[in-house]
Amino acid sequence: MLRGASLAFGTRTLWSGLDLDIKPGEFFAVLGPNGSGKTSFLKVLLGLLPLTSGSANVAGHAAGTRGRDVGYVPQQKGFPTDVPLRARDLVALGVDGHQWGIRVRRRKVESAVDELLGRVGASSYAKVPVGQLSGGELQRLRVAQAIAGSPRVLLCDEPLLALDLNHQQGVSALIDRQRAETGAAVVFVTHEINPILDYVDRVLYLAEGQFRVGSPEEVMRTEILSELYGSRVEVSRIHGRIVVVGLPDATTHLHHGHALPSEDESAEEKEGAER
Ligand SMILES: Nc1ncnc2c1ncn2[C@@H]1O[C@H](COP(=O)(O)OP(=O)(O)OP(=O)(O)O)[C@@H](O)[C@H]1O
Ligand SMILES: [Mg+2]
């Protein structure tokens, strides 16, 4: 929950006047170009970054004061190849850390880890040193680690980065299942809304020091994004996917891997979407 929240670095304001209640069980997406403040938004909720003004509460307590309520999938960084940790050791850190207050018995940890590895499709590389894993393999372990403690709030920073399409869908579905089963609130930072379009309740779109909040239908619109970016941005829907064309910094924000639609096709689709 944020009240009158703003965040600025020096003279640069990332966002201000943000009032937000994210409810238990809500799937909340955060979108925006590079440097718009998405990771910083999560860091505020983690209590790692103080607000410039306003307040931030998570699961009923000041942000950062109740670590066990929060699961975190950090933005991707690799491990040096010589780190002496296997894939399953990384997941075990999420299991035997804080969940039961005291360290639980080893066998219980082992079976919890096996179960989590299976859920994210990582069983086959359970014993591989983490420094040797691909970005996508590692990312699935991070998700397993974050959901291990059944947190009330799950903060995910671009968890789909470096995943192929199949695993993007798998990880998105997994996070949504966790949300449905535990009633956790999910805050999901992403450059690509399409893999999670079926799950998302609301979107926070950050750009140019401003923001918009609402359902994907309300926010992912030509008028809204054009206003936010201060230039013409075209949003269309094609086969149930959202395509954003004309973003000022095209390299940072591809919502879609397909070729651009022809003028006629996109006009038709838009009419269709508005009906
Ligand atoms: N501690 C800090 N001190 C000063 N500036 C910072 C600090 N942390 C972040 N910034 C700046 O704030 C801006 C937003 O950073 P942030 O990491 O939140 O962006 P992001 O939206 O997550 O971008 P990306 O898509 O690249 O991950 C960046 O310009 C960054 O350089
Ligand atoms: Mg980021």
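# A walk outward from strand E3

In strand E8, the bridge partner of Ala 29 is Phe 188, and that pair makes a friendly place to start. What you have above is a predicted model. Ala 29 belongs to strand E3, where it sits on one side together with Phe 27 and Leu 31. Phe 28 and Val 30 occupy the other side, and the residues on both faces are buried. Since five of the five residues of E3 are buried, the strand is largely enclosed by the rest of the structure.

Which strands does E3 pair with? One is E8, which runs parallel to E3 and is joined to it by four bridges. Another is E9, also parallel to E3 and also joined by four bridges. Here Val 30 is the residue to look for, with Leu 204 as its bridge partner in E9.

Following E9 along the chain brings us to a hairpin. Strand E9 covers residues 202-207 and strand E10 covers residues 210-214; the two run antiparallel, with five bridges between them. Ala 207 in this pairing is matched with Gln 210 of E10. Two residues lie between the strands, and Glu 208 takes a positive phi near 55°.

A second hairpin, formed by E11 and E12, lets you look at another turn with two residues between the strands. His 239 in that turn has a positive phi of about 50°. Five bridges hold the antiparallel pairing of E11 (residues 234-238) with E12 (residues 241-245), and Val 235 finds its bridge partner in Val 244.

Now back to E3, this time by way of a helix. The buried residues of H5 pack against E3 (27-31), and also against helix H4 (135-147), strand E7 (153-157) and strand E8 (185-189). Which residues of H5 are buried? They are Gln 168, Val 171, Ser 172, Ile 175, Gln 178 and Arg 179. These residues cover an arc of only 120° around the axis, which puts them on the same side of H5. The numbering fits a general rule: an α-helix has 3.6 residues a turn, so residues three or four places apart point the same way. The face turned away from the buried side carries the exposed residues Asn 166 and Glu 181. H5 itself runs over residues 165-182, and its 18 residues reach 26 Å from first C-alpha to last, close to the 26 Å expected at 1.5 Å a residue. Just after the helix comes Gly 183, with a positive phi near 70°.

Elsewhere, four strands form an open, antiparallel sheet in the order E2-E1-E4-E5. Strands E2 (12-20) and E5 (61-62) stand at its edges with a single partner strand each, so one side of each is left without a neighbour in the sheet. Between E1 (residues 2-9) and E4 (residues 53-58) there are three bridges, and Ser 6 is partnered with Ser 53.

The next stop is ligand 1. Among the residues surrounding it are Phe 9, Leu 14, Gly 37, Lys 38, Thr 39 and Gln 75. By class, its shell has two nonpolar, eight polar and one charged residues. Helix H1 (residues 38-46) gives the most to this shell, with three residues.

Stepping back, the protein chain has eight helices and twelve strands. Buried residues make up 35% of its 275 residues. Among contacts between residues at least 6 apart in sequence, 63% join residues at least 24 apart.

Notes
Residues are numbered from 1 along each chain as its sequence is written. Chains are lettered from A and ligands numbered from 1 in the order in which they are written. This is a predicted model: local features need pLDDT of at least 70, side-chain atom pairs count only at pLDDT 80 or more; totals for chains, interfaces and linings use all residues. Two strands pair if DSSP finds at least two bridges between them. A residue is near a molecule or strand if its C-beta atom, placed from the backbone, lies within 6 Å of it. Ala, Val, Leu, Ile, Met, Phe, Trp, Tyr, Cys and Pro count as nonpolar, Asp, Glu, Lys and Arg as charged, and the others, Gly among them, as polar. The expected span of a helix is 1.5 Å times one less than its number of residues. A residue is buried if 20 or more other C-beta atoms lie within 10 Å of its own, exposed if 12 or fewer, and partly exposed in between; C-beta atoms are placed from the backbone. The arc is that of the directions from the helix axis to the C-beta atoms. Two residues are in contact if their C-beta atoms, placed from the backbone, lie within 7 Å.
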